[in-house]
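The exercises below walk through chain contacts and ring pairs, each with a solution worked step by step. Please keep the sequence and the structure in view while reading.

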Amino acid sequence: MPKCLSARLPWFEEMTPEEILGQLKQKIGDAITQSEVKGIEVRLTVKPEQSWEVCRLVRDIGFEYLNCISGADWMTHLEVVYDLSSLQHLNKVHLRVPVDRDNSVVRTVTDIWRGANWHERECYDLFGVRFDGHPDLRRILLPEDWVGYPLRKDYTDERLVPYTEYGMEEKLAKAEGEKAAPKDAKSLQPPAPAKPATA
Amino acid sequence: MIPLSHYLILGGIIFSLGVFGALTRRNAIAILMSIELMLNGVNLNFIAFARYLPQTMLQGQVFAIFVITVAAAEAVVGLAIVLGLYRNFKTVNVDEINLMKW
Amino acid sequence: MAADYAYVGFFLVVGVLFVILNIEVLSRIIRPHNPNPQKLTTYECGEEPIGIGWIRFHVRYYLYALVYIVFAVETVFLFPWAIVFRELGMFAFLEMMVFIGILLVGLAYAWKKGALEWA
Amino acid sequence: MMTFASLVERFYAAMAAWGIPWIVPTLIVMVIVVSVVLAYISVAAMFMIWWERKISAHIQVRYGPMRVGGWHGWAQSIADGIKLLLKEDLIPAGADKVVFVLAPMVVFGATVAAYVTIPWAPGLIVRDLNIGILYMVSISSLVVVGIIMAGWSSNNKYATLGALRSAAQAVSYEVPLVLSLLGPVMIAGTMSMGKLVEAQSGRWFGVLPGWFVFPQIVAFLIYFTCALAECNRLPFDIPEAESELVAGFHVEYSGMRFAMFFLAEYANMFVVSAIATTVFLGGWHGPWIPLPGLPREVAHGLFGLVWFQVKCYFLIFVMMWLRWTLARLRVDQLMAFAWKVLLPISFANLIVTGLVLVLGKQALLYVGGIAILLLAAILLAARPAARTVRVGERT
Amino acid sequence: MDRPIPIGTTVVMERTGETMEEMYVNMGPQHPSTHGVLRLMLKLDGEYIIDCIPYIGYLHRCHEKIGENRNYTQIIPYTDRLDYLASMSMNFGYVLAVERLMGQKIPERAEYMRVILAELQRIASHLIWLGTFGLDLGNFTIFMYCFREREMILDLFESVTGQRLNYSFYRIGGMPMDFPETFLTDCQVFLTWFKPRLPEYDAIMTDNILFQKRVQGVGISPPQVAVDYGLSGPMLRACGIKWDLRRNDPYSIYDRFEFDIPVFDTCDVWARYMVRRKEMEESVKIVEQALAQLPPGEVMAKMPKTIKPPAGQIYSRAESPRGEIGFYIISDGSPKPYRYKVRSPAYVNLSALPEMLKGCLVADCVAVLGSVDIVLGEVDR
Amino acid sequence: MTLKLGIFYFLAAFTVWAAAVVVLGKNIVRAAVALIFGFCGMAALYVLLDAEFLAAVQVLIYVGGITILLLFAIMLTSRIGATTARVVNDQVILSAMAAVGLLVGLIYASTSGIPAMSGPPRLPETTPFLGRALLTTYALPFEAVSVLLLAAMVGAIILARKE
């Protein structure tokens, strides 16, 4: 049993994020469409076709720890976001892969990090991003027979109650009541909630 | 005093039932169960004789102990054989196992 | 002797009758009885049961029972021996030691062969 | 003579004098005896349930039942009983109904039958069977059969697993249990429970009470361990491990059917404690003084009754104490413990006891017993035991 | 690692054919030891687990969708319900993320308050874990012991926040109010009571040979596997990897305290147990130091009435009792997050469960599941 | 002695009924359960014959051991859920004839071939006697039994654990 992980992983020299970015660009520069260094974090935008290669490269240069895979819906396109870090230094990599909304397919990274399995399932479940080569791509949080991908911005559901700001309902009721039947309005109103005590 | 023949007849009935079961049941475990019944019928006879013929110095009971021992050994090995059969043939129905037939 | 065992039979019968009295008579009068298919399903942690509960089991259960029978038969011989061995002296003792010794060989064999292992 | 037996004799004589056939008084006596025993079982089991709740509560720095019945919730068990009586009884649709219904009867009937030969006090024993110990052992194997029936008939995976575990566990612990009981039988030269108690009336070296626990300390420890396993008590409660198998073999039983299992479990605890008391702890022996105004026999009997109960309930208390202190074993560890630890030790005990008895040097029993104890301790300690990393140790 | 891992029972099955027919058993959602409504489908061979498929989502509450429709302050009460056994840590992680996004500094005293509460919360959470873990292994008594101490912590929290479970006490930019006057002494009293209790737990659990036998060599996840799955918190530290965000990615004021990161390298349930057991001691140390250093002053920074972080995104992580709680927030400059995502430690840790369970016995299943320390509120979100 | 006779008839009927279920029952597990009751009835009959020790042994070995082994084997091999259409083979008629013929012969033999006997009113305690007999007169078979058991155990382990 290795006492420390460094026995297995290629020892990663303490590098600045700029150096990491430079190295990445040198090796697989054509896949990176956009890059930025923010603090200790290297932020990359990567072509979807080459996302897997970039992920493996990033893993191989020391970012062996997959924090999170999340999705985001930018209306024009979807985005799969990989947050990677290392257990040996503080640098992080923030990898964004824009994918097409209608035909959203990304190659799975479960063969790089087994832990990606559930993250990708969740992303599929909530955003409908299909991960090519995923061993078990099923819905995970929602029931198997759920229709639609709820975290997309255009997701609608008749069961979804639109949210109104605090106090909005009373205001609306008041406005309506004043217009239609000013006498009954007061009885319709719920008792005003007690103001929370503040320090 | 219950006549000795009562016990002997009862033993005979149970033995015959066991014989019938051993001859007819398809399940090998059921056959083993029937054989246990037969041995029990025999034991009943032994013990009845031991009770009614005290001059035999309880030989019947001693024999019954040995019979029970043998029955236990038979059950242990017999069931192990049944398990072996099951492993090879995926069944314990003896009429489907025709290894020795040609 | 046999009269003593009349009590055993009587106790057994009364024990069973007690259960019947409680379940089928006393409780039946006062308890509700309205089953429905949902209630009558087999419990499997709130999910529909997968398959039946009567499933095949592993041979290791069988091996324990097997070794047990051999030793249970041995105790059958040990009890009469335990009562009389003092009057029969050293010979009876040695006899039983041989008996136990042979069986212990069997135990050692079972141990060695892993019949006593769970795995 | 005012003993129990003489009372029965008088009753028989009176009935005979009235010209009533012998069968009638016999039946009357039987019914009375069985009623008393059943009443004792019910009350004792209910008491034990309440007691266990109180003990567990006090071990766990809480009070336990406090509401029902006033003083420390003494009526809690009765309330529970009534609740169970009122509960709907469900038999799962997939179950084998005949076997399902039969199972609690087998378990409870066998448990009740075990009370036939418990020696409560001098002369107070339902029937002193000549094969007493063997009878106890064999009747308790019926309980196991009942448990398998219950588990199998439920057609439930947890129940079936529980039943199989229970059977495997019971057969594994039966052998060392029987072997450990053989030591005292060898010393006393009898299997009858009454005579076993009488054989312990003397004194070892004129100081210690003549209980068999002293020369047979190893056997006693083995017996008690196996008894825990036979009763499915923690740490051997894997057949009904609630965190794994939910409730094991009685998962599908509800209402009064479950109550019968529950009652039988506690009644069984008393049985195994009574065996231990009889065989190892000197049964009803104990210091007693003749009470003024009472015949000697009656006073002796009363003290004996009390002593027997005290010893039994002490053992039951230990069982409860263990249950609320220890964690549960795993099934493979359980089996390995029975076959690889208990069985060799009990054989060693048997052989040493026999040798000493044949040589006729009773005092050596102690030496032998202590030697086996030490040997067992050394062997246990020297086993490739689990690495024990103590708190504070850093890696 | 004393008990050899039984070589794939599936191999045995192939050899002997149908004799060992595997069976499927549902464990959960209605099961005493799945710690909530988790459903595990176990594929068994006799008592050995061949495979395990977790089904989650019974407690899914659309946390992220709701988050997108609330403003930043309104989300705080929802984070309580993530890990309802460590609400303070959840609050902490969330407000930390928003403050990092805004570049907001908060007053010293508030930082200390946060640390004290979070570490007390860690103790409480580990206590409840220890109790239920004992329960899983058949030891009921430790459960009651742990709850006794946890109640005391809850009393402390109640005196501060008025709540016993879902505190919602952290605010973006500080804390809503100061400690009550009695808190410091109460907290000291609690700590002096609590420290001798830990050896008591040892007596009933750690030093018990039965307990050791149940947990040692069970549910092994080698370091490679642990990193591969992205395990975090005590699960990772039980694999010999000294990784704790409080030390390795210091946030708040954790770099000011002396404390150890307990690490064990046996990778089994025992190691996870020991790590958590030791962590309680370390948390006590931190609380003691923080109480001693607690500076006077304001507890709330000057904040705008409506919190509108600048457009941008952040993945912020903090060490909750269960591991790395990460919040991924995309802000578009409006009062509501454009995207709000929670990376919950238990979710990730649970995903490695099938790997750890293979070849275990059914009885080990509860021990391993217990050692993962899941909270379904956090898994299902 | 009519009471005793009545008990005998009751036990005999019970045992024969259980044996019949064992032989004719469709469900193999129920047959095994019936076998348990049959063994118990048999043990009670042994008690009637003053063989208490053997009765206890019967319960201990047969009920506590062999039937549990049988049940294990059943659970190992049979699909209990699947209802088998046939439990008997093609030779039912022939076997029944053989069994009935055997029965008739046995009854004939037990009623006519044996003189009416009546044993002593009560046997002494049999256990010490058995012990003496086993250790002296039957010492050789007694030792042979241990070898038999050893052989059975070894053989069964080999057969059951074929790997």
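A helix here is a DSSP run (H or I) of at least four residues, and helices are numbered from the N terminus. The model is predicted.

**Exercise 1.** Work out how E:Trp129 and E:Phe133 are placed along helix H5 of chain E, and decide how their rings are arranged.

*Solution.* Begin with the helix: H5 of chain E covers residues 108-136, and because E:Trp129 and E:Phe133 are four residues apart in it, about one helical turn separates them. Next, take the rings, whose centres are 4.9 Å apart and whose planes meet at 15 degrees. Planes under 30 degrees apart count as stacked, so the pair E:Trp129 and E:Phe133 is stacked. Finally, consider the surroundings: both E:Trp129 and E:Phe133 are buried.

**Exercise 2.** Find how many aromatic pairs there are over all chains, and then examine the pair D:Phe220 and D:Phe224.

*Solution.* The count over all chains is 61 aromatic pairs. For D:Phe220 and D:Phe224, the ring centres lie 6.2 Å apart and the planes are at 25 degrees, so this pair is stacked. Both residues belong to helix H8 of chain D, residues 217-230, where they stand four residues apart, or about one turn of the helix. As to exposure, D:Phe220 and D:Phe224 are both buried. Chain D also holds an aromatic cluster, whose members include D:Tyr40, D:Trp50, D:Tyr115, D:Phe270 and D:Trp321.

**Exercise 3.** Describe the contact between chain F and chain D, starting from the residues that take part and ending with the kinds of residue on the side of chain F.

*Solution.* First, the participants are 22 residues of chain F and 25 residues of chain D. The area buried between these two chains is about 2,000 Å², and carbon and sulfur atoms give 83% of it. Of the area that chain F buries against chain D, 24% is supplied by F:Arg30, F:Leu60 and F:Met75, more than by any other three residues. Second, one salt bridge is counted between chain F and chain D: F:Arg30 pairs with D:Asp96, with their closest N and O atoms 2.7 Å apart. Third, helix H2 (28-48) and helix H3 (52-77) are the elements of chain F that give two or more residues to this side, and H3(F) gives the most, with eleven residues. Sorted by kind, the residues on this side of chain F are 16 nonpolar, three polar and three charged.

**Exercise 4.** Follow the same steps for the contact between chain F and chain B: how many residues of each chain are in contact, and which element of chain F gives the most residues?

*Solution.* Here 80 residues of chain F are in contact with 68 residues of chain B, and the area buried between the two chains is about 6,900 Å², with carbon and sulfur atoms giving 77%. One salt bridge is counted between chain F and chain B, in which the side chains of B:Arg51 and F:Asp50 meet at 3.3 Å, N to O. The count of residue pairs in polar contact, both at pLDDT 80 or more, is five. Among the elements of chain F that give two or more residues to this side are helix H1 (2-24), helix H4 (92-112) and helix H6 (139-160), while H3(F) gives the most, with 13 residues. By kind, this side of chain F divides into 62 nonpolar, 13 polar and five charged residues.

Key:
Residues are numbered from 1 along each chain as its sequence is written. Chains are lettered from A and ligands numbered from 1 in the order in which they are written. This is a predicted model: local features need pLDDT of at least 70, side-chain atom pairs count only at pLDDT 80 or more; totals for chains, interfaces and linings use all residues. Side-chain values use heavy atoms; hydrogens and water are left out. Contact means heavy atoms within 4.5 Å. Buried area is the accessible area (1.4 Å probe) that two parts lose on being put together, summed over both. A salt bridge is a side-chain nitrogen of Lys or Arg within 4 Å of a carboxyl oxygen of Asp or Glu. Ala, Val, Leu, Ile, Met, Phe, Trp, Tyr, Cys and Pro count as nonpolar, Asp, Glu, Lys and Arg as charged, and the others, Gly among them, as polar. Rings of Phe, Tyr and Trp (its six-membered ring) pair if their centres lie within 6.5 Å; planes under 30 degrees apart count as stacked, over 60 as edge-to-face and the rest as tilted. Buried means under 20% relative accessible area, exposed over 50%, partly exposed in between (1.4 Å probe, protein chains only). A polar contact is a pair of N or O atoms within 3.5 Å; within protein, one must be able to donate a hydrogen and the other to accept it, and residues adjacent in sequence count only if both atoms are side-chain atoms.
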